[in-house]
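I opened this entry to record what I looked up in the model, beginning with the chain as a whole and then turning to single residues.

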Amino acid sequence: AKRNVVVKRLSSVETAGSMTVLCVDKTGTITSGEMMVKKIWAAGKIFEVTGDGYSPDGYISFDGKKIGRREDPTISKPLEVSAFCNNATLNAPSDRIGRWTVLGDPTDGAFLVFAGKGDFNVSKALAENQRIGLIPFSSQRRMMTSVHRGPDGKITAYTKGASLEVLKRCTCIFYDNDRIPLTDEFRRVITKQIDDFASDGFRVLGMATKVLPNEPADLSQGVEEDMTFVGLAALLDPPRPKVEAAVKEARSAGIRVIMLTGDHELTAYSIAKKVGIITSKDQTVV
């Protein structure tokens with residue numbers, strides 16, 4: 001108790017003493033869990049996003065110039081997906097917590113902050129585009145979809161999730177403000193961009209939309225098929241400051257540390273290398 005640890009069963013402490021392998025989650029354990037969208041790839045362009053953590057202060061830029069939807073409509077679709085395909089709420093600093101925090105999933109929080117940085121009025125947009133259905137994230141599908149009815153009555157599904165999984169389910173791409181076929185060449189370009197982002201330690205999510213002919217009676221049937229790919233989001237979730245020292249300490253105690261994650265393997269490799277879980281080129285990502 002003096003070390004601020006409460007143990008339900010004393011046998012678990014005895015078991016920990018004979019541990020030789022420790023498996024740990026990546027997001028929120030190895031990393032801080034306070035994510036931020038740092039880059040967006042859309043229609044062949046890479047947009048930079050400034051700011052820190054969950055604070056709404058910051059902006060989107062392209063070629064060093066601050067832009068919004070009015071200056072560059074290319075960013076519109078990623079902003080819409082970020083705002084609508086979301087279940088998080090942002091909490092402003094208070095007397096108890098002196099920083100912006102998120103209520104809900106940290107990934108959703110990062111997308112909500114990003115949406116607010118692109119001259120996109122999230123609360124107004126949500127009021128005008130009522131949610132009429134939701135397909136929650138699952139580890140099997142590795143994506144989430146929110147279905148909305150617009151002010152003109154048009155019904156649109158907005159999806160975000162594991163980049164390669166989303167890409168697989170797309171047949172078109174939003175490019176130069178038009179919906180065009182997603183060719184093999186486009187797929188190669190997008191896959192390379194995913195690898196480039198992941199190699200830099202970013203968590204990479206794909207975004208897509210689909211206009212539905214009518215309100216779906218069964219959301220599990222065909223909503224997440226034949227979608228239009230609208231972009232990639234590169235999220236930064238830096239390692240916790242003391243993790244590297246903890247990994248060294250575990251190694252010195254004869255414990256092998258294994259990191260578990262659902263992220264892209266290149267992202268996992270980059271983070272594991274930064275904190276000392278991977279120390280040689282011989283180690284592999286499974």
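**Charges.** I began with the charges of the protein chain, in what is a predicted model. I found 39 positive and 35 negative charges, and their mean positions lie 5 Å apart. In this count Lys and Arg are the positive residues and Asp and Glu the negative ones.

**Overall dimensions.** I then asked what radius of gyration the protein chain has. The value is 21 Å; a compact globule of 286 residues would have one near 19 Å, so the two agree. The C-alpha trace spans about 65 × 50 × 45 Å along its principal axes.

**Secondary structure and contacts.** I noted nine helices and 15 strands in the protein chain. I next looked up contacts between residues at least 6 apart in sequence, and 63% of these join residues at least 24 apart.

**Surface and burial.** I read the accessible surface of the protein chain as about 15,600 Å², with 51% of it belonging to carbon and sulfur atoms. Of the 286 residues, 44% count as buried.

**Thr 145.** I located Thr 145 in strand β9, which runs over residues 143-149. Is Thr 145 buried or exposed? Its relative accessible area is 0%, and because buried means under 20%, Thr 145 counts as buried.

I then listed what Thr 145 touches, leaving aside neighbours within four places in sequence. Its contacts include Cys 85, the run Gly 133, Leu 134 and Ile 135, and also Ala 157 and Tyr 158. Thr 159, Val 223 and Glu 224 are likewise in contact with Thr 145.

Which residues have side chains joined to that of Thr 145 by a polar contact? I found one such contact of 2.7 Å with the side chain of Thr 159, and another of 2.6 Å with the side chain of Glu 224. I also checked the backbone separation for the second pair: Thr 145 and Glu 224 are 79 residues apart in sequence, and their C-alpha atoms are 7.6 Å apart in space.

**Lys 65.** I turned last to Lys 65, which is found in strand β5, residues 65-67. Its relative accessible area is 61%; exposed means over 50%, so Lys 65 is exposed. I took one distance from this residue: Lys 65 and Gln 130 are 65 residues apart along the chain, and 33 Å separates their C-alpha atoms.

**Entry summary.** I leave two residues on record from strands, Thr 145 as buried and Lys 65 as exposed.

Key. Residues are numbered from 1 along each chain as its sequence is written. This is a predicted model: local features need pLDDT of at least 70, side-chain atom pairs count only at pLDDT 80 or more; totals for chains, interfaces and linings use all residues. Side-chain values use heavy atoms; hydrogens and water are left out. Helices (H or I, at least four residues) and strands (E, at least two) are DSSP runs, numbered from the N terminus. Buried means under 20% relative accessible area, exposed over 50%, partly exposed in between (1.4 Å probe, protein chains only). Contact means heavy atoms within 4.5 Å. A polar contact is a pair of N or O atoms within 3.5 Å; within protein, one must be able to donate a hydrogen and the other to accept it, and residues adjacent in sequence count only if both atoms are side-chain atoms. The radius of gyration is taken over C-alpha atoms; the globule rule is 2.2 Å times the number of residues to the power 0.38. Accessible areas come from the Shrake-Rupley method with a 1.4 Å probe; for residues, only the protein chains shown count as cover. The place of a charge is taken as NZ of Lys, CZ of Arg, CG of Asp or CD of Glu.
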